[in-house]
Amino acid sequence: MLTDQDHRTPSPARRREQMLEGVETRLRSLLNDEYRRHTGQARAAILVESLAELVAAGGERVRPVVLFTGYLAAGGAPGDPGAVDVAAALELLDTAMVLRADVHDNVAVRRGMPALHVAHAAEHERGGWGGDAGRHGAYAATLAADLALACADRLAGALTGTARALWDELRADRCVGMYAHESMTAAYLADPWPGRCVSGCDSGCRAGWYALRAPLLIGAELAGRDDLAPAYEAYAAALHAAWRLRGFLDGGPEYAWEADLLREILLDGEERDVAERMIRDLVTRASRTADGAPVPGEWRAELVAFGERVASV
């Protein structure tokens with residue numbers, strides 16, 4: 001016998017989780033199809049398999065979460081395959097950037113397994129192949145990143161209008177932002193204190209607010225709610241600033257030894273309290289924006305809760 005609970009509409013979090021399950025299925029399907037296309041070419045299939053293993057290892061799927069939050073809050077249909085495809089494309093875009101960053105930073109382990117460039121360098125050494133093993137590994141990872149981008153663009157191919165423009169901008173912004181961050185660091189000009197995020201995000205920020213802004217805006221467009229753009233823009237700007245400050249205080253992955261040094265020099269108990277108040281003020285600003293957004297009350301509450309989780313307040 002069905003109970004009242006059985007007839008209730010799933011919670012916002014559950015609806016989002018159901019769509020995230022669709023992303024996992026779509027990613028597996030896409031990469032399995034790509035693998036089968038190359039099964040007659042053993043070496044080519046190995047590259048696809050490496051990418052598939054990295055993607056399957058997952059992570060937090062942050063960008064799909066953000067996209068589905070913006071999409072469902074805007075009234076998007078749960079389970080829409082077009083939205084699932086775009087969320088999967090966002091994950092592949094992020095994977096491509098991770099692969100390139102791992103090569104540059106010589107990261108040894110990614111998602112609980114050897115980084116792709118490390119694994120392919122080891123394969124080179126085990127096989128006694130000619131040439132330099134490290135360069136072979138780096139080249140394999142670069143090609144895997146290109147493959148991830150090709151698959152991402154395939155998934156995003158149905159986007160049109162503003163949603164397509166947002167995708168194209170995001171593709172470019174991820175590259176330009178990473179280069180700007182790297183060039184500033186190499187020139188010893190990078191300021192590890194992300195204070196500019198409070199007054200207005202630096203467009204050259206490697207962890208740029210496009211990580212929040214673009215998925216939210218694409219989600220609104222997919223749901224046919226371009227009127228939500230101002231609210232989503234304001235929400236993303238404040239929340240990104242809070243997230244960056246939290247990363248600085250807690251020593252997140254965007255901050256290296258110089259940030260640890262700066263924290264030791266500048267942040268005694270009183271200064272840390274000031275920074276914590278700044279984070280809370282930014283989250284409050286994001287929450288007020290969410291509270292005033294023209295979306296259902298349950299999704300306003302979800303946007304507020306999401307902001308608090310992101311900034312760990």
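Modeller: Let's start with one word we will need: two residues are in contact when heavy atoms of theirs lie within 4.5 Å. Keep in mind that the model is predicted.

Colleague: Thanks! Which residues is Trp167 in contact with, leaving aside its neighbours within four places in sequence?

Modeller: Trp167 is in contact with Ala89, Leu90, Leu93, Ala152, Asp153, Ala156, Leu159 and Ile218. Trp167 also belongs to the largest nonpolar core, which has 72 residues. Together with Phe68, Leu92, Tyr232 and Tyr235, Trp167 touches the most other members.

Colleague: Which element gives the most to this core?

Modeller: That is helix α5, with 13 residues. Another core, of 10 residues, lies apart from this one, and Ala242, Leu245, Ala275 and Leu282 are among its members.

Colleague: Could we step back to the whole protein? How many helices and strands does the protein have?

Modeller: There are 14 helices and 2 strands. Of the 313 residues, 45% count as buried. For contacts between residues at least 6 apart in sequence, 72% join residues that are at least 24 apart.

Colleague: Now α5 itself. How far apart are its end C-alpha atoms?

Modeller: Here is the idea: a helix advances 1.5 Å a residue, so the 25 residues of α5 (residues 81-105) should span 36 Å. The end C-alpha atoms are 36 Å apart, which agrees.

Colleague: And what happens at the two ends of α5?

Modeller: At the N-terminal end, Asp80 acts as a cap, with a side-chain oxygen 3.1 Å from the backbone nitrogen of Gly82. After the helix comes Asn106, whose phi is positive, near 55 degrees.

Colleague: How many of the residues of α5 are buried?

Modeller: The helix is mostly covered, with 19 of its 25 residues buried. Here is a general idea to help you read a helix: there are 3.6 residues a turn, so residues three or four places apart point the same way. Try it on Thr95 and Leu99, which both sit in α5.

Colleague: Is Leu99 buried or exposed?

Modeller: Buried means under 20% relative accessible area. Leu99 has 2%, so Leu99 is buried. Thr95, at 0%, counts as buried too.

Colleague: What do these two residues touch, beyond residues up to four places away in sequence?

Modeller: Thr95 touches Leu51, Leu54, Val55 and Arg111. Leu99 touches Leu51, Leu54, Leu116, Ala141, Ala144 and Ala145. Notice also that the C-alpha atoms of Leu99 and Thr142 are 7.0 Å apart, although their places lie 43 residues apart along the chain.

Colleague: Arg111 came up there. What is its phi?

Modeller: First the general idea: most residues other than glycine have a negative phi. Arg111 is not a glycine, yet its phi is positive, about 55 degrees. Look for Arg111 in the loop between β1 (109-110) and β2 (113-114). Its relative accessibility is 25%, so Arg111 counts as partly exposed.

Arg61 is another case, with a positive phi of about 50 degrees. Arg61 lies in the loop between α3 (42-56) and α4 (62-73), and is buried, with a relative accessible area of 6%.

Colleague: One last thing, the cysteines. How many disulfides does a search of the whole structure find?

Modeller: The search finds 0 disulfides. You can still compare how covered two cysteines are: Cys151 is buried, at 0% relative accessible area, whereas Cys175 is partly exposed, at 40%.

Terms used:
Residues are numbered from 1 along each chain as its sequence is written. This is a predicted model: local features need pLDDT of at least 70, side-chain atom pairs count only at pLDDT 80 or more; totals for chains, interfaces and linings use all residues. Side-chain values use heavy atoms; hydrogens and water are left out. Helices (H or I, at least four residues) and strands (E, at least two) are DSSP runs, numbered from the N terminus. The expected span of a helix is 1.5 Å times one less than its number of residues. Buried means under 20% relative accessible area, exposed over 50%, partly exposed in between (1.4 Å probe, protein chains only). A polar contact is a pair of N or O atoms within 3.5 Å; within protein, one must be able to donate a hydrogen and the other to accept it, and residues adjacent in sequence count only if both atoms are side-chain atoms. A disulfide is a pair of cysteine sulfur atoms within 2.5 Å. A nonpolar core is a set of buried Ala, Val, Leu, Ile, Met, Phe, Trp, Tyr and Cys residues joined through side-chain atoms within 4.5 Å.
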